[in-house]
Amino acid sequence: MESTVRNLRIIWRAELLIIEAKLQVAAKKIGATAFAGLVLVFGLAMLNVAGFFALEEIWGPSYAALAVAGADFLVAIILLLWASGLKTGPELELAKEVRDAGLEELEAKAEDLQEEIERTRDELIGLKNSLTSFAKNPLDGALAGLLTPILTLLIKSMSKKKD
């Protein structure tokens, strides 16, 4: 029973480690995506300013604003690519292995318990059948138990008389 409780605790801890690892990656992805969204909004604002300046003056400060907006878009794209490439670390695989090992051991114990229950059931069925046959014909059981010793005594007594 203690090993079963220990296995359940190990499985519980492994599941917590798996959840924690996934949450850490999700938090990083959300943070990077939010920052990329902020940079994108700033880039759009700069693109608007650049468009305004492009219409106001043909070749002046507008190209500077366009360059800043383009750089903002580039940073946003790099952040989005980085965020989409984040994965869990090796601790997740270790936690999964520990969890799977614990589950396998619990399954093995459950199979052993099932086999023991089946053996007990078979013994009880045999006992029931014996009691049922004895209840139906009590003399059959008694005769079988008494007949062997009586025949043995008769054979011995006959062999002694011949001697």
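This tour moves through the structure one selection at a time.

**Start with the whole chain**

Keep in mind that this is a predicted model. Show the protein chain as a cartoon. You will find four helices and zero strands. Follow the chain along its sequence, and the pattern reads α-α-α-α. Now colour by accessibility. Of the 163 residues, 16% count as buried.

**Select residues 2–56 and 62–84**

These are helices α1 and α2. Add the side chains of Leu 40, Leu 44, Leu 47, Tyr 63 and Leu 66. Together they form a nonpolar patch on the surface. The accessible area of this patch is about 400 Å². Which helices build it? Both α1 and α2 do, each supplying at least two of its residues. The largest share, three residues, comes from α1.

Pick out Leu 47 for a moment. This leucine sits in helix α1. Its relative accessible area is 35%, so Leu 47 is partly exposed. The cut-offs explain that label: partly exposed covers the range between buried, under 20%, and exposed, over 50%.

**Select Gly 85**

Move on along the chain to the loop between α2 and α3, where Gly 85 is placed. Is Gly 85 buried, exposed or partly exposed? With a relative accessible area of 46%, Gly 85 is partly exposed. Now add Lys 29 and draw a distance between the two C-alpha atoms. They are separated by 9.0 Å, although Gly 85 and Lys 29 lie 56 residues apart along the chain.

**Select residues 96–130**

UniProt, in an unreviewed entry, places the feature "coiled-coil region" here, at residues 96–130. What does the model show over this stretch? The chain is 100% helix and 0% strand. The C-alpha atoms at its two ends are 51 Å apart.

Stay in this region and show the acidic side chains. Glu 104, Glu 107, Glu 111, Asp 112, Glu 115, Glu 116 and Glu 118 gather on the surface as a patch of negative charge. One of them, Glu 107, lies in helix α3, which covers residues 90–136.

**Select Arg 99 and Glu 15**

Next come the charged pairs. Side chains of opposite charge can pair when their charged atoms come close. The structure holds four salt bridges. One of them joins Arg 99 to Glu 15, with the closest N and O atoms 2.9 Å apart. Why look at this pair? Arg 99 lies in helix α3 and Glu 15 in helix α1, so the bridge ties together parts that are 84 residues apart in sequence. Glu 15 is partly exposed, at a relative accessible area of 27%.

Add Asp 100 to the view. Its side chain meets that of Arg 99 in a salt bridge of 3.4 Å, N to O. Asp 100 is partly exposed too, with a relative accessible area of 35%.

**Select Arg 121 and Asp 122**

Slide along to another pair. The side chains of Arg 121 and Asp 122 meet in a salt bridge, 3.1 Å from N to O. How accessible are the two partners? Arg 121 counts as partly exposed at 46% relative accessibility. Asp 122 is partly exposed as well, with a relative accessible area of 44%.

To finish, select Glu 15, Arg 99 and Asp 100 together. Salt bridges with shared partners join these three residues into one network.

Methods: Residues are numbered from 1 along each chain as its sequence is written. This is a predicted model: local features need pLDDT of at least 70, side-chain atom pairs count only at pLDDT 80 or more; totals for chains, interfaces and linings use all residues. Side-chain values use heavy atoms; hydrogens and water are left out. UniProt positions are given in the numbering used here, feature names are shortened, and annotations may be inferred rather than shown by experiment. Patches are made of residues with over 30% relative accessible area and no salt bridge: like charges are joined within 9 Å, nonpolar side chains (Val, Leu, Ile, Met, Phe, Trp, Tyr) within 5 Å. Accessible areas come from the Shrake-Rupley method with a 1.4 Å probe; for residues, only the protein chains shown count as cover. Buried means under 20% relative accessible area, exposed over 50%, partly exposed in between (1.4 Å probe, protein chains only). Lys and Arg count as positive and Asp and Glu as negative; His and the chain ends are not counted. The place of a charge is taken as NZ of Lys, CZ of Arg, CG of Asp or CD of Glu.
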